[in-house]
2 protein chains.
Amino acid sequence: MAVKGGGRGRPATGGSGRRPGRRAGEPDTRGAIADAARKHFADKGFAGATLRAIAAEAGVDAALIVHFYGSKRELFLAVLELPAPAVSRVGQALDGPLESLPERFGAAVASVLSDPDLSRRMEAMLRTAASEPDAAATIRAALEEAVLRPMTARLRELPGVDDTEAALRATMIGSGVAGLLFGRRVIGIEPLASADPERIARLLARAVRAYLTPPPA
Amino acid sequence: MAVKGGGRGRPATGGSGRRPGRRAGEPDTRGAIADAARKHFADKGFAGATLRAIAAEAGVDAALIVHFYGSKRELFLAVLELPAPAVSRVGQALDGPLESLPERFGAAVASVLSDPDLSRRMEAMLRTAASEPDAAATIRAALEEAVLRPMTARLRELPGVDDTEAALRATMIGSGVAGLLFGRRVIGIEPLASADPERIARLLARAVRAYLTPPPA
DNA sequence: CGTTGAACTCAACATGCGTTGAGTTATGCC
DNA sequence: GGCATAACTCAACGCATGTTGAGTTCAACG
């Protein structure tokens with residue numbers, strides 16, 4: 001029989017820990033908590049997710065999460081971020097000759113869609129943003145800095161396109177990508193949901209090209 | 001002092017009721033509950049909304065909601081629907097000559113964006129869909145029937161565009177509109193959030209036109 | 001006027017929540 | 001070995017939630 005009171009049931013696996021109290025050999029607990037938290041917040045929203053469920057999935061007690069993060073809200077904020085690789089990949093596609101920008105942009109988006117982890121986390125942010133203004137603000141800031149601002153700059157190169165027109169076009173393109181993710185992963189609309197990313201990329205490039213044309217006189 | 005027990009504090013305003021127990025003159029209570037419910041579910045998700053808060057906003061007791069709808073979940077399902085005028089307006093824009101379809105489509109979307117009530121309810125559905133699969137399914141079904149199917153049919157008229165290509169393009173356009181709403185109302189990204197709907201319509205028409213071109217050989 | 005039935009409120013319930021505080025186990029350092 | 005420290009669990013708290021049942025008011029109908 002287990003004695004009354006604390007401790008963990010699992011025997012320590014030995015090996016060399018790095019900090020006092022830190023168990024060794026096991027995948028790090030904080031990371032497991034963060035992963036579980038992202039998943040639950042995305043699936044059910046901030047209010048719908050429970051510390052107990054997150055803790056269970058991470059294989060710990062709910063009190064440990066509070067011990068680490070302070071509160072449910074602080075856990076939420078700590079876990080809240082757009083996956084940097086996705087954002088930078090798309091942002092970098094803006095560099096290079098303007099005439100092939102649509103294809104590079106489409107390819108970058110396709111590469112995110114093809115990456116299960118990246119697209120899962122982008123989906124999580126979209127879902128979370130829908131019910132949590134903090135998440136919406138995070139997306140807004142990251143997108144503005146890494147994608148929309150440079151894209152606006154590139155669109156300014158077009159004749160007859162002023163600042164506001166360029167910025168509006170950039171947000172149209174950006175929201176189109178958001179809609180793509182939303183339709184594919186949240187609504188799950190066919191054939192978009194199971195279409196080959198390369199094929200989506202080709203179509204997306206067409207739409208982007210439409211925004212690269214100077215306005216009619 | 002109020003006597004112990006039920007009844008309503010507000011004196012009946014007279015007038016002619018239609019059913020027993022039905023108060024007269026006042027805006028109908030069920031509608032007020034439904035409105036409040038839609039708002040709260042959209043703002044905070046299913047789990048985040050509370051019957052008490054909805055009831056307070058509708059000016060009734062939480063128990064009355066259960067009396068009317070049976071349970072929180074049934075209230076949610078009862079209140080869940082895409083605003084028909086928005087969907088049909090966009091769907092009808094598909095009729096007419098193919099060459100001016102992009103402009104009609106853009107104008108229809110703009111008219112929804114310009115209508116505060118319609119766009120508020122579309123936004124509510126998007127937000128709700130993000131955390132509730134039932135809402136996502138509702139959107140999917142309504143969109144498929146009223147917009148995507150007819151749009152696929154129109155795209156089939158293009159030379160070299162088969163069924164699957166037409167359906168994929170249709171969902172790309174549809175998800176673009178969803179992204180537009182999401183970016184404008186949920187993320188609140190500027191200048192998209194405060195741009196003139198007419199101007200958005202003109203840009204959207206360009207993108208739609210890009211999907212009306214036959215694929216390159 | 002008396003009965004009926006629906007609209008509606010109130011108080012209470014059980015449940016599950018986030019959070020707390022005390023206690024246990026393991027590690028690194030002296 | 002002993003001390004400090006961090007990871008971690010357990011039991012319990014107060015609180016808000018969805019739901020229930022009993023009770024009240026009021027319009028309509030005979």
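User: Which residue of chain A comes closest to the rotation axis?

Analyst: In this predicted model, A:Gly179 does, with its C-alpha at 1.7 Å from the axis. Local features need pLDDT of at least 70 and side-chain atom pairs count only at pLDDT 80 or more, while totals for chains, interfaces and linings use all residues. Residues are numbered from 1 along each chain as its sequence is written, with chains lettered from A and ligands numbered from 1 in the order in which they are written.

User: How do you know that the two copies are related as by a two-fold rotation axis?

Analyst: Superposition is by least squares on the C-alpha atoms of residues with pLDDT of at least 70 in both copies. A turn of 180° with a shift of 0.0 Å along the axis lays chain A on chain B, at an RMSD of 0.0 Å. The copies are therefore related as by a two-fold axis.

User: Why is it said that the copies meet through the same surface?

Analyst: Because 100% of the interface residues of chain A are also interface residues in chain B. Contact here requires C-beta atoms, placed from the backbone, within 7 Å. On that basis 42 residues from chain A and 42 residues from chain B take part. Helix 9 of chain A gives the largest share of the chain A side, 16 residues. By class, that side has 24 nonpolar, 11 polar and seven charged residues; Ala, Val, Leu, Ile, Met, Phe, Trp, Tyr, Cys and Pro count as nonpolar, Asp, Glu, Lys and Arg as charged, and the others, Gly among them, as polar.

User: What makes the span of helix 10 of chain A close to the expected one?

Analyst: Helices are DSSP runs (H or I, at least four residues), numbered from the N terminus. The expected span is 1.5 Å times one less than the number of residues. Helix 10 (residues 197-210) of chain A has 14 residues; the expected value is 20 Å, and the helix reaches 20 Å from its first C-alpha to its last.

User: Which residues of helix 10 of chain A are called buried, and what do they pack against?

Analyst: A residue is buried if 20 or more other C-beta atoms lie within 10 Å of its own. Among those that qualify are A:Ile200, A:Leu203, A:Leu204 and A:Arg206. The buried residues of the helix pack against helix 6 (101-114) and helix 9 (163-187) of chain A, together with helix 9 (163-187) and helix 10 (197-210) of chain B.

Methods. Contact = placed C-beta atoms within 7 Å. Helix = DSSP H or I, 4+ residues; strand = E, 2+ residues; numbered from the N terminus. Buried ≥ 20, exposed ≤ 12 C-beta atoms within 10 Å, placed from the backbone.
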